[in-house]
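Q: Got a minute to go through this model with me? I'd like to start with the aromatic side chains.

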Amino acid sequence: MCFDSVICINYFVALLVCKFVGSFEAALREQRIGQNDDDVMKAALDIFYNDYSIKFTLEHAWRELRHDKKWCSTFLAKDNVKDKRKQALEVDGEEAVGAGEARPIGVKAAKASIKRKKSGREEELEKIHGIMEMKDKISKRKVLQHLLSKTDQLSEMETSLKLKLMSEML
């Protein structure tokens, strides 16, 4: 199969699914009290057949994917077409992915996050490093306090150390 034929097949499938989405939405609008999901699906299939004179053959895929978060995020509201940012529709009583929920991460991002996680030893090393930095700061602060509290004349080396420590603190 060449690359162009794959693109044509994907386009045809996407076109069929988009047409079926319209039929399914029409069936949802016509849903009566007491009708379950199977009745709505049958009505949607009938509407699709009446409109396009072909049978919708991707029903099994539609049933699996219509509640998937990534798939639900493609349902956009058609009420306000002028909005540049459209809100996600509510599908079968469940909220679709909207502003409150984030899309699930993809496979590549999940694998990359696993590689980035640190082992227990690395976390302990970071804690020890943080403790050592705090200890170093405290000791420098004590030396600076000692130099500032000294009433005698400071030597040249003590003065330069005092100025260096003061510049580090600020």
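Q: How many aromatic pairs does a search of the whole structure find?
A: Five aromatic pairs turn up in the whole structure. Rings of Phe, Tyr and Trp (its six-membered ring) pair if their centres lie within 6.5 Å; planes under 30 degrees apart are stacked, over 60 edge-to-face, and the rest tilted. One of the five is Phe20 with Phe48, an edge-to-face pair at 6.0 Å centre to centre and 65 degrees between the planes.

Q: Which parts of the chain does that pair link?
A: Distant ones: Phe20 sits in helix H1 and Phe48 in helix H2, 28 residues apart. Helices here are DSSP runs (H or I, at least four residues), numbered from the N terminus.

Q: Before I go on, what kind of model is this?
A: This is a predicted model, where local features need pLDDT of at least 70, side-chain atom pairs count only at pLDDT 80 or more, and totals for chains, interfaces and linings use all residues. Residues are numbered from 1 along each chain as its sequence is written, and side-chain values use heavy atoms, leaving out hydrogens and water.

Q: OK. Is Phe20 buried or exposed?
A: Phe20 is buried, because its relative accessibility is 0%. The cut-offs are under 20% relative accessible area for buried and over 50% for exposed, with partly exposed in between (1.4 Å probe, protein chains only). Phe48 also comes out at 0%, so Phe48 counts as buried.

Q: How are the rings of Phe48 and Phe56 arranged?
A: Their centres are 5.4 Å apart and their planes at 70 degrees, so that pair is edge-to-face. Phe20, Phe24, Phe48, Tyr52 and Phe56 form one aromatic cluster.

Q: What else does Phe56 touch?
A: Skipping residues up to four places away in sequence, Phe56 touches Leu16, Val17, Phe20, Leu45, Phe48 and Trp62. Touching means heavy atoms within 4.5 Å.

Q: New topic: which residues have the most contacts inside the largest nonpolar core?
A: Phe20, Phe24, Phe56 and Trp62, in a core of 15 residues. Such a core is a set of buried Ala, Val, Leu, Ile, Met, Phe, Trp, Tyr and Cys residues joined through side-chain atoms within 4.5 Å. H1 (3-29) and H2 (37-52) each supply at least two of its residues, and H1 gives the largest share, seven.

Q: And Ser23, what is it in contact with?
A: Beyond neighbours within four places in sequence, Ser23 contacts Ala44, Ile47, Phe48, Asp51 and Tyr52. Ser23 lies in helix H1 and is buried, because its relative accessible area is 2%.
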